[in-house]
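Subject: Structure handover and notes

Dear colleague,

Here is the structure I said I would pass on. My notes on it follow below.

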Amino acid sequence: ILLVVAAVVTIWAFIQPTLKGAGSSIQRGAACLSNSIEAVTCKHNNTDGATIISFKRQTDDQSIKAVNSLKLNVELADGSSSTVLVPTTDIPNNGETKSNVTSITGTLSKVVIASEYTLADNSKQTCFSSPFACENE
């Protein structure tokens, strides 16, 4: 019986850190499900390169302390990409839609938004929006 107890204690010593790490990963992943900043429009003028990307924030303000950064990752039709860092003053409040105007050369394919949050426990989490197709005019 003592050998069985010793074996269980030894196995638990190896499994416990993994389970604790998985729990915090699940909490961080859940933060991405309840907090999102999604593209609602992406329009590109092929003549002058002006690009307007609008995005809307839907967040559970109890699970996050702040949105630290917002990056617009734009994929072009040729497979290349361009990243636009949104100024912190242009990050929308909960329920709000804002737009970013930038200049990108080439034919745009889609945009994915990367949002970095500070969670309630002070950990950081980066969440990615669903890809949104861009219109080229």
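Which residue does a disulfide join to C32? The partner is C127, with an S to S distance of 2.0 Å. Please keep in mind throughout that this is a predicted model.

**Confidence**

The mean pLDDT of the chain is 83, and 87% of the residues score at least 70. Confidence is highest in strand β8 (residues 132–133), at 94, and lowest in helix α1 (residues 2–34), at a mean of 65. Where pLDDT is low, the predicted coordinates should not be read in detail.

**Disulfides**

The count of disulfides is two. In the link of C32 and C127, the angle about the S-S bond is -85°, and the link is left-handed. C32 lies in helix α1 and C127 in strand β7 (residues 124–128), so this pair ties together parts that are 95 residues apart in sequence. The two ends also have their own accessibility values: C32 is partly exposed, with a relative accessible area of 25%, whereas C127 is buried at 5%. Buried here means under 20% relative accessible area.

The other disulfide is formed by C42 and C134, with their sulfur atoms 2.0 Å apart. Its torsion about the S-S bond is about 80°, so this disulfide is right-handed. The pair links distant parts of the chain, with C42 in strand β1 and C134 in the loop between β8 and β9, 92 residues apart. C42 and C134 are both buried. With the bonded cysteines numbered in sequence order, the pairing reads 1-3, 2-4.

**The sheet**

Strands of a sheet pair through backbone hydrogen bonds, either parallel or antiparallel. An open sheet of four strands runs in the order β5-β2-β1-β9, and its pairing is mixed. Its edge strands, each pairing on one side only, are β5 and β9 (135–136). Inside the sheet, strand β1 (residues 36–44) and strand β2 (residues 50–58) pair in the antiparallel sense over eight bridges. One of the residues involved is C42, whose bridge partner in β2 is I53. C42 therefore has both a disulfide to C134 and a bridge to I53.

On the edge strand β5 (residues 97–103) sits N100. Is N100 buried or exposed? N100 has a relative accessible area of 8%, so it counts as buried. Beyond its sequence neighbours up to four places away, N100 touches T51, I52, I53, F55, L72, V84, V86 and P87.

**The core**

The largest nonpolar core has 23 residues, and F55, L72 and V111 touch the most other members. The elements that give two or more residues to this core are β1, β2, β3 and β6 (108–119). Strand β3 provides the largest share, six residues. Leaving out residues up to four places away in sequence, V111 touches A39, C42, I53, L72, N73, V74, S130, P131, F132 and C134. Both cysteines of the C42 and C134 disulfide are thus among the residues that V111 touches.

**The β6 and β7 hairpin**

Strands β6 and β7 pair in the antiparallel sense over five bridges. In this pairing S115 stands opposite C127 in β7. The side chains alternate along β7: Q125 and C127 point to one face and are buried, while K124, T126 and F128 point to the other and are not. There are four residues between the strands of this hairpin, and N122 takes a positive phi near 75° there.

N122 also meets a residue from strand β3 (residues 64–76), namely K65. The side chains of K65 and N122 make a polar contact at 2.6 Å. K65 counts as exposed, at 52% relative accessibility. Apart from neighbours within four places in sequence, K65 is in contact with T118, L119, A120 and N122. K65 and L119 are 54 residues apart in sequence, and their C-alpha atoms are 5.5 Å apart in space.

**One caution**

The C32 and C127 disulfide has one end in helix α1, the part of the chain where confidence is lowest.

Regards

Key
Residues are numbered from 1 along each chain as its sequence is written. Side-chain values use heavy atoms; hydrogens and water are left out. Buried means under 20% relative accessible area, exposed over 50%, partly exposed in between (1.4 Å probe, protein chains only). Contact means heavy atoms within 4.5 Å. pLDDT is the predictor's confidence in each residue, from 0 to 100. Two strands pair if DSSP finds at least two bridges between them. A polar contact is a pair of N or O atoms within 3.5 Å; within protein, one must be able to donate a hydrogen and the other to accept it, and residues adjacent in sequence count only if both atoms are side-chain atoms. A nonpolar core is a set of buried Ala, Val, Leu, Ile, Met, Phe, Trp, Tyr and Cys residues joined through side-chain atoms within 4.5 Å. A disulfide is a pair of cysteine sulfur atoms within 2.5 Å.
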